[in-house]
Every structure is written in C-alpha cells, then in structure tokens.
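Me: I'd like a close look at one spot in this protein, the kind of detail I could follow with the viewer open. Start there, then carry on through the helices, side-chain pairs and rings, and keep it chatty.

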Amino acid sequence: MEENNLQCSSVVDGNFEEVPRETAIQFKPPLYRQRYQFVKNLVDQHEPKKVADLGCGDTSLLRLLKVNPCIELLVGVDINEDKLRWRGDSLAPFLGDFLKPRDLNLTITLYHGSVVERDSRLLGFDLITCIELIEHLDSGDLARFPEVVFGYLSPSMIVISTPNSEFNPLFPSVTLRDSDHKFEWTRMEFQTWALYVANRYDYSVEFTGVGEPPAGAENVGYCTQIGIFRKNGGKATESCLSEQHDQHVYKARQGLTMLRRLVLNFHPQAILLPCLPKMLRLQVFTTSYPSLQQERFFKLVLVNEVSQQVESLRVSHLPRRKEQAGERGDKPKDIGGSKAPVPCFGPVFTEVEKAKIENSPTPFCVGDKFFVPLQRLLAYPKLNRLCANEEMMRSVIADSIPLSSDGSAVVADLRNYFDEQFEF
C-alpha cells in the first residue's frame, strides 16, 4: 500500500472532494472489492447452496457470486427500490448462459424491503451476508436486527462487515465515512456486540477484516472489520422450519431489457409466483438460469457434444481410409476394428483417460457409413460426466442423432462435401 498521494475509495462512499488527494489512503484492490472477494472466498470454501445478501445495494456482490457453481438460490434484499429496479438487468441470464448452461439450477430474486422485517422466504439459508449494513441502522432497527437475522432467519452462517472507527484518524477530516452512517464502532465495540448476539442466539463468531493499515499504523487494525458467525450444531432442522408461519412482507423487483425479455420469452425461465401476505397480494418475479438439470438444455448439450466427438473421430479416420483404399477413386475397404489415429488437436487426456479410451470399442466402417459405439463415446471424460450409462445416452439422443439398428452406435456418413473440398 502506498502512503502518499493516495485516495481512499471507501471514504464517504466516493465523496472524494472532501478528502485531499495528496493525504488520502488508497487500497489496492479497492476496499469494496476486498470485501466482496472475502465473501466469494468464503463461498468457494464452504459451498453454500442458498445465499442471501441483506442490503444488497447495487447488487455488485450478487453479480460476483452468481457465477459460483455451488449456489442454487441467490437472494438480494434492499430498502432502496430504485437501485433494485435499475440493477436487476445485470442479474438476468445472458446469451452465453444459454449456450453453456450451468451444472446446477440457479434462481435469483431481488426483494424490496427492510432487513429488520421477518419474511419466511429467507428461512433455511446456508449463508446470509450483511456487508457495510448495520452502521446504516438507527437504534431501533439495530435492536431488532439480531432478532430477525439471528433469531428468526437463523442461517448456518452470517457474515457482517462494518467500518472500524479506529482507522478513521488516518483519513483527513473524516468523522463518519458516510453521511448516512448512524454510528461507526471501534473493534472493542463491535466485538462486544457480536459476542453478545452470538451467545444469545447460539452462534460462534470469529473476527477478521480487510484493508490493512499503512506501515507504522498497524495498531489501528483493519479498515473494515468482519465477523463470521456460525450456527452451533449446523443447519436448522426441517421440523424447526416447518413450525414457522409463512410471512411474505418483501416485494420482489426486477427490470429486464427488451432483448432479454425476448430471450426469456423464447426460453421461459421467468416464473411468477403469487403470494398472499395477509391482505396484500404481491407478485414475485424470479429469474432462473438454464442448467443441465433442465431436460431441454441437457439434451441440447449432450447432442452437441456427441456430434462433435463423432465428427472428430470421423475426420481422424479419413487419412487412414484413403491410405487403405489405394489410389484415389478406388472403392474404400472396410477398416474393421483398427484403431483410429489420435487427432493432433482437441482436448488433452491424462494417461488414465487415454487408457480408458483405448480399451473401449473402436469406431468402424461398413461401406460408406461410419459407426461410433456408444461405449466409445462414454469413454471420453466430457461425455462420461454428462451421461451415467449407455442406456441414458441412447434415450436422450435417439430422436436427434442416427443410431445403428441395435442402438449401440452412432451412424454417420463417412465422407461429406467438405471432405471433397479439402481432398481427404
């Protein structure tokens, strides 16, 4: 970290005009990115399936987490409806998400509401994050916050970050880092509050932070202090969750550009879920990402992978086929069970994978037809990951790819127009 002529991206949420450039501190990477990366690293380590970000703001953290393959439900809650309205588009699936579907389903929802309101749709989560949130709560909301988040929602893990006021003297002319902050705690104040809450609601807590101080000021601690709370005994049991009455107080918000509306209409991933909280009917908008758990996308990916592998094997046979046929124009001879040469391009296999492929049934020709046994295809790692067995592969591709009469092999024409053009 440089000590001079630096600027801090964390001071007053970007109101840099109050901080002289020559005396401010800059974090590399910026402090907000360090906070988000800290959460992402935690997600990578613990692989939660259901994650909620309270006070999600511009959804930056949600956008970072949505690419994580372990997450199946991602929820953001914020009191600022305008931010949710204008940032929702960035969470919708892009074209690339349809071309390369995820392994697992992913649903993302943005809720408009207060973090100190109970909403049963946030019960049973693995991780709830509150990044730079609690300092925006007034005394009444701060008192209700533990009751709702720790007591009612009671997720397996909670991450709370808040400014460390002991770091503030290193910033010129800074009392509070944001005009909306109701307070900023010292490390002792935060840890006292966190330990009390953890003890009351049966959590353990450990403390860390991001944003290291400059040399010579190590005694002030991290610029952002973080508490990681873990529920003692793990997840809430199903019986505990079932005892909770449905309470839907959040309003779902999301906007979509016209292009994405067309994409989602063509691939109907948006599901409207009507809710009836007390006397008010709310409409919940949920965006679902395409995944291999969805039959139509699984079939699309499998058929494409099989076709590509068959074509690669067919092309690799052509030089040997021509060699065996003698002079150009002779009728090709059957190559029987001879091994196909390995192409000079394509995926790189381990020795174990190579052995598995070599020991599988060999592609063969009959007349002008090229046959690739399904067992051979299943020997390739990518297809083996997609399909558990030959019967599964056959049932999925049967109406899209030609198969032999007994269904044991894919059948393709040995030669095509492009082979003639390139003189194979």
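Reply: Let's start at Gly151, which you'll find in helix α5, the stretch covering residues 139–153. Keep in mind that what you're looking at is a predicted model. Gly151 has a relative accessible area of 36%, so it counts as partly exposed. Leaving out residues up to four places away in sequence, Gly151 touches Pro146 and Tyr201. Tyr201 is the one to click on: it's 50 residues away from Gly151 along the chain, yet the two C-alpha atoms are separated by 6.1 Å.

Now for the rings. The structure has 15 aromatic pairs. One of them joins Phe183 and Trp185, with ring centres 4.6 Å apart and 35° between the planes, which makes the pair tilted. Trp185 also pairs with Trp193: here the centres are 5.5 Å apart and the planes sit at 40°, so this pair is tilted too. Phe183 and Trp185 are both buried, and Trp193 is buried as well. Zoom out a little and you get a cluster, with ring pairs linking Phe145, Phe183, Trp185, Phe190, Trp193 and Phe207.

Next, go back towards the start of the chain and look at helix α1. It runs over residues 31–46, 16 residues in all. From first C-alpha to last, α1 reaches 23 Å, close to the 22 Å expected at 1.5 Å a residue. A good part of α1 is tucked away: Leu31, Gln34, Arg35, Tyr36, Phe38, Val39, Lys40, Leu42 and Val43 are buried. Notice that Arg35 and Lys40 are on that list of buried residues, along with Gln34. What do the buried residues of α1 pack against? Their partners are helix α2 (60–65) and the strands β4 (127–131), β5 (157–163), β6 (203–210) and β7 (224–231). Just past the end of α1, Glu47 takes a positive phi of about 50°.

Helix α2 has a detail of its own, as Ser60 lies in it. Ser60 has a relative accessible area of 18%, so it lands on the buried side of the 20% cut-off. The side chain of Ser60 is joined to that of Asp58 by a polar contact of 2.8 Å.

On to charged pairs, where the structure has 15 salt bridges. Take Lys299 and Asp399: their closest N and O atoms are 2.9 Å apart. That bridge links distant parts of the chain, since Lys299 belongs to helix α9 (residues 295–325) while Asp399 is in the loop between α13 (390–397) and β13 (409–413), 100 residues apart. The two ends differ in accessibility: Lys299, at 26%, is partly exposed, whereas Asp399, at 60%, is exposed.

Stay in helix α9 for another bridge, this time between the side chains of Glu311 and Arg314, at 2.9 Å from N to O. Why do these two line up about one turn from each other? Because they're 3 residues apart in α9, which puts about one helical turn between them. As a rule, an α-helix has 3.6 residues a turn, so residues three or four places apart point the same way. Glu311 is partly exposed at 36% relative accessibility, but Arg314 is buried, with a relative accessible area of 2%.

Helix α13 has its own version of this. Arg394 and Glu390 both lie there, 4 residues apart, again about one turn of the helix. Their side chains meet in a salt bridge at 3.0 Å, N to O. This pair isn't on its own: salt bridges with shared partners join Glu390, Glu391 and Arg394 into one network. Glu390 is buried, with 18% relative accessibility.

Last stop, the cysteines, in case you're thinking about disulfides. How many disulfides does the structure hold? The count is 0. Two cysteines to look up are Cys223, which is buried with a relative accessible area of 0%, and Cys387, which is buried at 1%.

Notes:
Residues numbered from 1 in each chain as written. Predicted model: local features only at pLDDT ≥ 70, side-chain atom pairs only at ≥ 80, totals over all residues. Heavy atoms only, no water. Salt bridge = Lys/Arg side-chain N within 4 Å of Asp/Glu carboxyl O. Buried < 20%, exposed > 50% of the residue type's maximum accessible area, 1.4 Å probe, protein only. Expected span 1.5 Å × (residues − 1). Contact = heavy atoms within 4.5 Å. Phe/Tyr/Trp six-rings, centres within 6.5 Å; stacked < 30°, edge-to-face > 60°. Polar contact = N/O pair within 3.5 Å; in protein donor to acceptor, adjacent residues only side chain to side chain. Disulfide = S-S within 2.5 Å.
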